[in-house]
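Hello, and thanks for taking a look at this one with me. Below are some numbered points to help you find your way around.

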Amino acid sequence: MTIKNPQTLVMGILNVTPDSFSDGGQCLHLEDAINGATRLLNQGADIIDIGGESTRPGAASVSEADEISRVVPVIKALSGQTKATISIDTSKPQVMQQAVEAGATFINDVNALQADGALQMAASLEVDVCLMHRQGTPQTMQKNPVYGDVIEDIQQFFQQRVDACERAGIQPDKIILDPGFGFGKTLAHNLEILRRFDEFKDLGCRLLAGLSKKSMIGSILDDRDIKGRTIGSVTGAIIAVQNGADIVRVHDVLATKDALRTLQAVNGE
């Protein structure tokens with residue numbers, strides 16, 4: 001098997017939250033967040049994805065004001081220090097606006113721009129947008145998720161959202177699709193998505209895969225805790241790349257970059 005996209009970008013995760021499942025509380029203060037971002041950049045991250053609200057299963061919602069106060073100072077500080085892309089991980093229109101004004105050039109929305117005003121806001125900001133599929137909310141999404149055919153169901157959702165984006169004035173080359181590993185999916189659903197990931201290419205958009213350290217990796221590894229999921233996560237990212245991922249969203253940037261470089265060398269890329 002050969003790598004289908006030798007230019008795959010690595011998105012490093014920076015959560016400025018107290019309760020994210022892997023790194024909650026580690027970067028809540030500005031200095032810690034800057035140090036965390038610098039570490040990811042030094043390891044080779046192409047994109048830094050900054051989130052101020054946890055979307056893990058069972059997570060509580062965060063007010064717009066709190067989210068802005070968490071992410072905007074970090075974005076402002078980083079935008080003057082790096083040429084890497086800064087992404088804002090949010091579903092709230094006002095957070096999107098203030099983040100882009102502070103220097104973000106990528107919106108990563110787990111709600112696929114379905115919040116009131118989000119679609120219009122993203123269109124007006126003219127930046128890249130990532131639309132993620134999920135079934136349910138963080139409070140409910142892992143309570144017996146059910147699909148007909150998980151790939152076909154997600155494709156139908158994506159087509160509806162892409163059509164909505166285009167009607168709002170967002171060009172197809174600015175749209176990235178994320179099938180949402182772990183967001184309203186069982187382990188069987190997640191594995192099916194990874195096996196058939198290349199089928200999402202039929203929609204004509206770039207693809208993002210985010211499975212780093214998620215419970216699906218823990219389940220595969222006999223309920224391994226989060227700290228022990230690095231190798232499984234990197235392996236999953238490589239499989240996603242082989243199946244067409246243009247961006248992989250990860251906690252372990254250096255390990256992922258090393259794996260990608262090795263794969264590319266073997267394939268003569």
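1. A word on pairing before we start: two strands count as paired if DSSP finds at least two bridges between them. With that in hand, look at S1 and S8, which run parallel and are joined by four bridges. One place to see this is Gly12, which stands opposite Val250 in S8. Please keep in mind throughout that this is a predicted model.

2. Now turn to the other partner of S1. Strands S1 and S2 also run parallel, with five bridges joining them. Gly12 is again a handy landmark, as it stands opposite Ile48 in S2. Six of the seven residues of S1 are buried, so the strand is largely enclosed by the rest of the structure.

3. These pairings belong to a wider arrangement. Eight strands close into a barrel, and their order is S1-S2-S3-S4-S5-S6-S7-S8, with parallel pairing. On average, neighbouring strands of this sheet are turned by 25 degrees against each other, direction ignored. For another pair within the barrel, try strand S4 (residues 106-109) and strand S5 (residues 128-132), which pair in the parallel sense over four bridges. There, Ile107 stands opposite Val129 in S5.

4. Which residues have the most contacts inside the largest nonpolar core? They are Ile50, Ile75, Leu113, Ile170, Ile175 and Leu177, in a core of 72 residues. Helix H5 (residues 150-168) supplies the largest share of this core, eight residues. Apart from it lies another core, of seven residues, with Met11, Phe106, Cys130 and Ile247 among them.

5. Ile50 deserves a closer look. Leaving out residues up to four places away in sequence, Ile50 touches Leu14, Val16, Val71, Val74, Ile75, Leu78, Ile86, Ser87, Ile88 and Asp89. Several of these names come back in the next point, on helix H2.

6. Helix H2 (residues 64-79) has 16 residues. From its first C-alpha to its last, H2 reaches 21 Å, close to the 22 Å expected at 1.5 Å a residue. The buried residues in H2 are Glu67, Ile68, Val71, Val72, Val74, Ile75 and Leu78. What covers them? The cover over the buried residues of H2 includes strand S1 (9-15), strand S2 (47-51) and strand S3 (85-89), together with helix H1 (30-42) and helix H3 (93-102).

7. The aromatic rings make a nice next stop. A search of the whole structure finds four aromatic pairs. One of them, Phe157 with Phe158, is tilted, with 6.1 Å centre to centre and 50 degrees between the planes. Both Phe157 and Phe158 are buried. In the pair Phe197 and Phe200, the ring centres are 6.0 Å apart and the planes stand at 80 degrees, so this pair is edge-to-face; the cut-off for that label is over 60 degrees. Both Phe197 and Phe200 are buried too. Phe157, Phe158, Phe181, Phe197 and Phe200 form one aromatic cluster.

8. Phe181 leads us on to Asn190, a residue in helix H6 (residues 187-195). Is Asn190 buried or exposed? Asn190 has a relative accessible area of 3%, and buried means under 20%, so Asn190 is buried. Setting aside neighbours within four places in sequence, Asn190 is in contact with Phe181, Gly182, Lys185 and Met216.

9. Please check the backbone in the loop between S4 and helix H4 (118-125), where Ala112 is found. Ala112 has a positive phi of about 55 degrees although it is not a glycine. Leu113 lies in the loop between S4 and H4, and Leu113, again not a glycine, has a positive phi of about 60 degrees. Ala112 is buried, with a relative accessible area of 0%, and Leu113 is buried at 2%. You may remember Leu113 from the largest nonpolar core, where it is listed among the residues with the most contacts.

10. Finally, have a look at Ala245, in the loop between helix H8 (230-242) and strand S8 (247-250). Ala245 is buried, with a relative accessible area of 0%. Which distance separates the C-alpha atoms of Ala245 and Leu208? They are separated by 5.6 Å, although the two residues are 37 residues apart along the chain.

How values were computed: Residues numbered from 1 in each chain as written. Predicted model: local features only at pLDDT ≥ 70, side-chain atom pairs only at ≥ 80, totals over all residues. Heavy atoms only, no water. Core = buried A, V, L, I, M, F, W, Y, C linked by side-chain atoms within 4.5 Å. Buried < 20%, exposed > 50% of the residue type's maximum accessible area, 1.4 Å probe, protein only. Helix = DSSP H or I, 4+ residues; strand = E, 2+ residues; numbered from the N terminus. Contact = heavy atoms within 4.5 Å. Expected span 1.5 Å × (residues − 1). Axes fitted to C-alpha atoms, helices over the stretch in contact; angles between N-to-C directions. Phe/Tyr/Trp six-rings, centres within 6.5 Å; stacked < 30°, edge-to-face > 60°.
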